[in-house]
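User: Could you take a close look at one part of this model for me, the sheet, and then tell me how the rest of the assembly goes around it? I'd like one connected walk-through rather than a list.

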Protein chains: 2
Amino acid sequence: MIPVADARARILAALRPTAAEIVPLAEAWGRVTAAPVLSRLTQPPRDVSAMDGYAVRAQDAMLGAALRVVGNAPAGHPWEGTVQPGETVRLFTGSVVPAGADAIVIQEDVTRAGAVATINEAAGVGRHIRRAGQDFACGDVLLPAGKRLNARDIGLAAAGNHPWLAVHRRPRIAILATGDEIALPGEPIPAGGIVSSNSHALAALVRAAGGEPVVLPVVADNREAVMAVADAVHGMDMLVTTGGASVGEHDLVQEALGARGLQVDFWQIAMRPGKPLMFGQMGPVAMLGLPGNPVSALVCATLFLLPAIQVLSGLPAAPPPTVQARLGSDVAANDKRADHLRATLTLAEDGSLIATPFPRQDSAMLRLMAQADALVLRPPYAAAVAAGGLVDVIRLDTLGL
Amino acid sequence: MIPVADARARILAALRPTAAEIVPLAEAWGRVTAAPVLSRLTQPPRDVSAMDGYAVRAQDAMLGAALRVVGNAPAGHPWEGTVQPGETVRLFTGSVVPAGADAIVIQEDVTRAGAVATINEAAGVGRHIRRAGQDFACGDVLLPAGKRLNARDIGLAAAGNHPWLAVHRRPRIAILATGDEIALPGEPIPAGGIVSSNSHALAALVRAAGGEPVVLPVVADNREAVMAVADAVHGMDMLVTTGGASVGEHDLVQEALGARGLQVDFWQIAMRPGKPLMFGQMGPVAMLGLPGNPVSALVCATLFLLPAIQVLSGLPAAPPPTVQARLGSDVAANDKRADHLRATLTLAEDGSLIATPFPRQDSAMLRLMAQADALVLRPPYAAAVAAGGLVDVIRLDTLGL
């Protein structure tokens, strides 16, 4: 049996990011930059006012001074003259500071009477002026390559004058469920059969991770049908299979796709739930074989598929993010397998997270898995931890998993 | 000035969830259930084996017993006979337990020779059998109404045999930037003008929140042009405006849309950044007016628009989620306005979160806002907190904001 971290490292080392494509800024949220985004302009473009007020020459703007208002400059309508001694120009937040002026007196500190503005509070040089380039200068790196774009990044790329962005193509992940016993929801269910939950749960996980799922038709436990999948994965970045449990986990998939060129490693992972894992390569397509049990498949997908999609997407290789929580109940010492306890999360009165594992950790219970907010990570041979002790958890809730 | 929480409560109280629509299961990830999802079947459908092994009558399966293998039942191929005394049936994980049998002996505990299976470890009644309905029964509530569907929920709905789900329609949020000084990225920039970052940053935020953004063309500071927006918002759930800063925040929008039936409250919120906020109703369309400053607009959108979209989506009224972090540097005592410090997050060696506010909290610096991972919440009149002290933060990174 190999440790979870070793298996993940071997998978991630075999993967390369997808190529770049151009998308409109308006479609770029959640995508990963394929190149640094450099500003195409300077922001603010010129010295601008930080407030609604009056542009003055600081040496003129002494307490009680009466200045002549020679211009009015809303944002976007710069006053192109030069402020002379004894003059002032009315302006607003974002207005360009006219030549000659070197300070802003805010409107609350001015008494206006017709064309005369009387200064009630003196202003030093530079007061309330945002200098050109204070936020960024033309050519500055606004966003690095390999960053997943959030809403603020989109705003920053817009401010840097980018209508298009180069991002990594969404990884295309083919999902294959095998087994004579399974049907898709709403389709006739064979005798003793069940409805397939893996395909669409994994497709949703792929979507949550920023990939593009392609759900292949269910394949019966039939060598020729499985072999045909080799043609169906053309253009995919990865094939994810589940099950084949009716004839021994993975045996049929491994044998039938092996005949079509699949080079595969078959690993026993020191973890619970979900021990067997298959990983390999079929030409340019990576291949990940998950357990057929739905809970095991989802836990393994969280630990291995999610990071794999991130690497394919152009993000750094990393395990799923963890946070700390206090245990809501005691947990026993662990054996040699890393355990992943399904747990609910609540907030303590002091605002800290409390993770309470379900008393029953049966890997056949998908409903409990769906009710979990987090997986409590229990490393191999971890000592018992009493309620209140700190543990690392993967927050499924915030990952959309 | 009114407190942040009061303003949010007034906004949320005015909103109603969108109506339901039917979407395919494969498109339902991230959507919010409009009705409880009840199971349409029982899972497991019958008593099934939890392991690969042999179905036996427990009273026969004593140590050393030699049982006759009378059948073979892969998952999906039930053996429909009845196990008689001295008989056994080969089965696999998920196989239906045949009539007559009441226990499973796992294959590792059986020596098989032709049609004879010799028992090397006795099994008690019920051993390794998953009872029909152990996961859920037909009619059980699998998912409540008002839940955002994650990958596991999709799996559970599939297992409950739902090819379609009733979800709330995505809230349609019209976004309007006003101002003579702004241009869209890639378009000609007027003299002294800037590129609009608000529209697409807010559109991305709407998307992150599960809404459907509709970005309206930029409207100049012109009464007729603003009035025409009243027609453009037909069919929208909410109109979000930013700016109009060149003639006083909101004044033009408030006046021009007022002439078209906008009933509006104009609030000074006791917060920083982003003091002025407008909220109202234009017929069936709610209206939220955000500050024009991009940092203020994004902070206000996080505090007010995000929860508003959640209520429109059918989720409970709630503030943005917070977590606790330890400060990475001292913060001073706060004044009467709730402050929202832009901060980076790092992990301490013990795994706890550390939030370090940027030394400069200038609301004109969009780049710093984009580099932040979190907003540190500083309530009105909060005392100074030294580095290491606990604060509540909104994690922008995990929200896709």
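Analyst: Let's settle one term before we start: two strands count as paired if DSSP finds at least two bridges between them. Keep in mind too that this is a predicted model.

Start in chain B. There you'll find an open sheet of six strands, with the order 7-4-6-5-9-8 and mixed pairing. Its edges are strand 7 (103-106) and strand 8 (110-113) of chain B, and each of these pairs on one side only. Going from one strand to the next, the twist averages 40°.

Now zoom in on one edge. Strand 7 of chain B runs antiparallel to strand 4 (residues 53-56) of chain B, and four bridges join the two. If you want a pair to click on, take Ala55(B): its bridge partner in strand 7 of chain B is Ile104(B). As background, strands of a sheet pair through backbone hydrogen bonds, either parallel or antiparallel.

For the parallel kind, hop over to chain A. Chain A has an open sheet of six strands as well, ordered 7-4-6-5-9-8, again with mixed pairing. The edge strands of that sheet are strand 7 (103-106) and strand 8 (110-113) of chain A, each pairing on one side only. The twist in chain A averages 35° from one strand to the next. Inside this sheet, strand 5 (residues 66-73) and strand 6 (residues 87-91) of chain A pair in the parallel sense, over five bridges. One spot to look at here is Asn72(A), which stands opposite Arg90(A) in strand 6 of chain A.

Back in chain B, follow the backbone out of strand 9, one of the six strands in the order. The loop between strand 9 (116-119) and strand 10 (129-130) of chain B holds His128(B). This histidine has a phi near 60°, a positive value in a residue other than glycine. Is His128(B) buried or exposed? It counts as buried, because it has 20 C-beta neighbours inside 10 Å, and the cut-off for burial is 20 or more.

Tyr381(B) makes a nice counterpoint. Its phi is also positive, about 60°, although it is not a glycine. You'll find Tyr381(B) in the loop between strand 25 (374-378) and strand 26 (390-395) of chain B. This tyrosine has 11 C-beta neighbours inside 10 Å, so it counts as exposed.

While we're on loops, there are cis peptide bonds to check. In chain B, the bond from Arg272(B) to Pro273(B) is cis, with omega near -10°. Pro273(B) is in the loop between strand 19 (271-272) and strand 20 (276-282) of chain B. In chain A, Gln43(A) and Pro44(A) are joined by a cis peptide bond with omega about -5°, and Pro44(A) is found in the loop between strand 2 (37-38) and strand 3 (48-49) of chain A.

Now step back to the whole chain. Chain A has eight helices and 26 strands. Its radius of gyration is 31 Å, well over the 21 Å that the globule rule gives for 401 residues, so chain A is more spread out than a compact globule. Along the principal axes, the C-alpha atoms of chain A fill a box of roughly 95 × 50 × 40 Å. Buried residues make up 52% of the chain's 401 residues. As for how the sequence folds back on itself, take the contacts in chain A between residues at least 6 apart: 71% of them join residues at least 24 apart.

Finally, how do the two chains meet? The contact takes 75 residues from chain A and 75 residues from chain B. On the chain A side, the elements that give two or more residues are helix 2 (151-159), strand 15 (194-195), helix 3 (198-208), helix 6 (294-312), helix 7 (366-371) and helix 8 (396-399). By class, that side has 40 nonpolar, 25 polar and 10 charged residues.

As for symmetry, a turn of 180° and a shift of 0.0 Å along the axis lays chain A on chain B with an RMSD of 0.1 Å. That is the relation of a two-fold axis. Of the residues of chain A, Thr398(A) comes closest to the rotation axis, with its C-alpha at 3.2 Å. Both copies use the same surface: 100% of the contact residues of chain A recur in chain B.

Technical notes. Residues are numbered from 1 along each chain as its sequence is written. Chains are lettered from A and ligands numbered from 1 in the order in which they are written. This is a predicted model: local features need pLDDT of at least 70, side-chain atom pairs count only at pLDDT 80 or more; totals for chains, interfaces and linings use all residues. Two residues are in contact if their C-beta atoms, placed from the backbone, lie within 7 Å. Ala, Val, Leu, Ile, Met, Phe, Trp, Tyr, Cys and Pro count as nonpolar, Asp, Glu, Lys and Arg as charged, and the others, Gly among them, as polar. Axes are lines fitted to C-alpha atoms, for helices over the stretch in contact, and angles run from 0 to 180 degrees between N-to-C directions. Copies are superposed by least squares on the C-alpha atoms of residues with pLDDT of at least 70 in both. The radius of gyration is taken over C-alpha atoms; the globule rule is 2.2 Å times the number of residues to the power 0.38. A residue is buried if 20 or more other C-beta atoms lie within 10 Å of its own, exposed if 12 or fewer, and partly exposed in between; C-beta atoms are placed from the backbone.
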